[in-house]
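Student: I have a structure to read. Can you take me through it?
Tutor: Yes. Let us look at it together.

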Amino acid sequence: MAKNKRQKNRASFKKKHQDRVRQSDFTRDFHAGDQETLADVDLSERVSGKGELTRKRTYVDLSGDNASHLPDYITGRVISVHGLKSRVLGEDGVIYECALRQVLKSLNIDQRSAVVAGDHVRLRAATSRDGMIESVAPRQGIISRTSRGQQHILVANVDYLLIIASAAEPGIKPALIDRFLLTAEHCGVKPVVVINKTDLVNPTSLQQLVGVYASLGYRVLLTSAERNLNIEYLKALLHNKQTALAGQSGVGKSSLLNAIEPGLGLAVASVSQDNEKGRHTTTAAQLIPLQSGGAVFDTPGIRQFQLWDIQANEVAGLMPDLRPFVNSCRYTDCLHLNEDQCAIKDAVADGKIDSRRYDSYCHLLESDLLLGDLKN
Ligand SMILES: Nc1nc2c(ncn2[C@@H]2O[C@H](COP(=O)(O)OP(=O)(O)O)[C@@H](O)[C@H]2O)c(=O)[nH]1
Ligand SMILES: [Mg+2]
Ligand SMILES: [Zn+2]
């Protein structure tokens, strides 16, 4: 049976999650003239003190309703959710298979995702391995996707979205990176771009792309899991952070994690066939605690991520390079596609906006958000 005296543990558990988070509108400070080096981007203060307050609130909720005198309550973190069962890593280090209290199921918490990977919960242990989730703390930094028009939260309480691409095999797809960046902006989660497999290309071929992202204030990290390049840097980045991974299959996500923490022993080179018969047939996210502190979320669902509630006219505002121009178009409802006297198209023509980024914008708008509308 779990014990009663949990206060101390609870306090130390809390500490891990007090990292400051990014102010969601930090990129507003961006000016087209700011040319920052990669190192500057990394070191610059792009976070605010907002996180500490909000995160503290999370814990007041966990412990603030007379839980302390009730026996056998344990706080924990949801590792994964499978149907009605959740695996929860308790503060005592035990993994509990948990059911969800009926009242929670019926509560409309964040649009039907009653409990998701990454949630901080309080559970009542029934046995040494089973328990019942009694409450879910308010969430920070959620990443969600849409399925049949409904929002599904994939992970909760994340600090970073680590967007992993590969320089080759598969070749780099900047439009996909842009799409994930938009996801991060929209979800208010700080993005970091990792370009792996740099051992397969001449690094100068990446310079232009990396330069554009760096100038937008996005942190970019060039890695090679194979050659152990920048692995220590990545490790330091993930230290004590809650990080969701995004990136297509084969770019080296598992390889990078294994390089950071060899003990993880994640399967490498898994192909999509494996997924169909393998352990994780669904898009269920899984939390992987790191020894160094912090955790990584393997989130297969992010691959099919859809921009669930972004309006077409919001997209430019979520792109830091387009944002400064959106209010200068002739039409207030300008979508910056075929309209005349469009400040964004002018800026592209003047070289103030990278034309590839603008192409990404157009593609995203036409393929994802407007669907067939434009053709009618
Ligand atoms: N050349 C090279 N190959 C890599 C690198 N990282 C991973 N790979 C290979 O890429 C394949 C896919 O890696 P994996 O980690 O399973 O990718 P995931 O699907 O994103 O998890 C495997 O064959 C790895 O050995 C790298 O930095 N350089
Ligand atoms: Mg993998
Ligand atoms: Zn316009």
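Student: In which sense do β9 and β10 pair, and over how many bridges?

Tutor: Keep in mind that this model is predicted. For a strand pair, ask about direction and bridges. Here β9, residues 190-196, pairs with β10 in the parallel sense, over 4 bridges. As for single residues, I195 stands opposite L222 in β10.

Student: In what order do the strands of the sheet lie?

Tutor: Read a sheet from one side to the other. This one is open and has 6 strands, in the order β10-β9-β8-β11-β13-β12. Its pairing is mixed.

Student: Which are the edge strands?

Tutor: An edge strand pairs on one side only; here these are β10 (219-222) and β12 (286-289). On average, neighbouring strands of the sheet are turned by 25 degrees against each other, with direction ignored.

Student: Which strands does helix α5 touch?

Tutor: Helix α5, residues 174-187, packs on the sheet and touches β8 (160-166), β9 and β11 (242-246). The directions of α5 and β8 make about 180 degrees.

Student: What span should α5 have?

Tutor: Count 1.5 Å a residue: the 14 residues of α5 should span 20 Å. The end C-alpha atoms of α5 are 20 Å apart, so the two agree.

Student: How many residues of α5 are buried?

Tutor: For burial, 20 or more other C-beta atoms must lie within 10 Å of a residue's own. In α5, 10 of the 14 residues are buried, so the helix is mostly covered. Among them are I177, F180, L181 and C187.

Student: What comes just after α5?

Tutor: G188, with a positive phi of about 70 degrees.

Definitions and conventions:
Residues numbered from 1 in each chain as written. Chains lettered and ligands numbered in written order. Predicted model: local features only at pLDDT ≥ 70, side-chain atom pairs only at ≥ 80, totals over all residues. Pairing = 2+ DSSP bridges. Helix = DSSP H or I, 4+ residues; strand = E, 2+ residues; numbered from the N terminus. Axes fitted to C-alpha atoms, helices over the stretch in contact; angles between N-to-C directions. Contact = placed C-beta atoms within 7 Å. Expected span 1.5 Å × (residues − 1). Buried ≥ 20, exposed ≤ 12 C-beta atoms within 10 Å, placed from the backbone.
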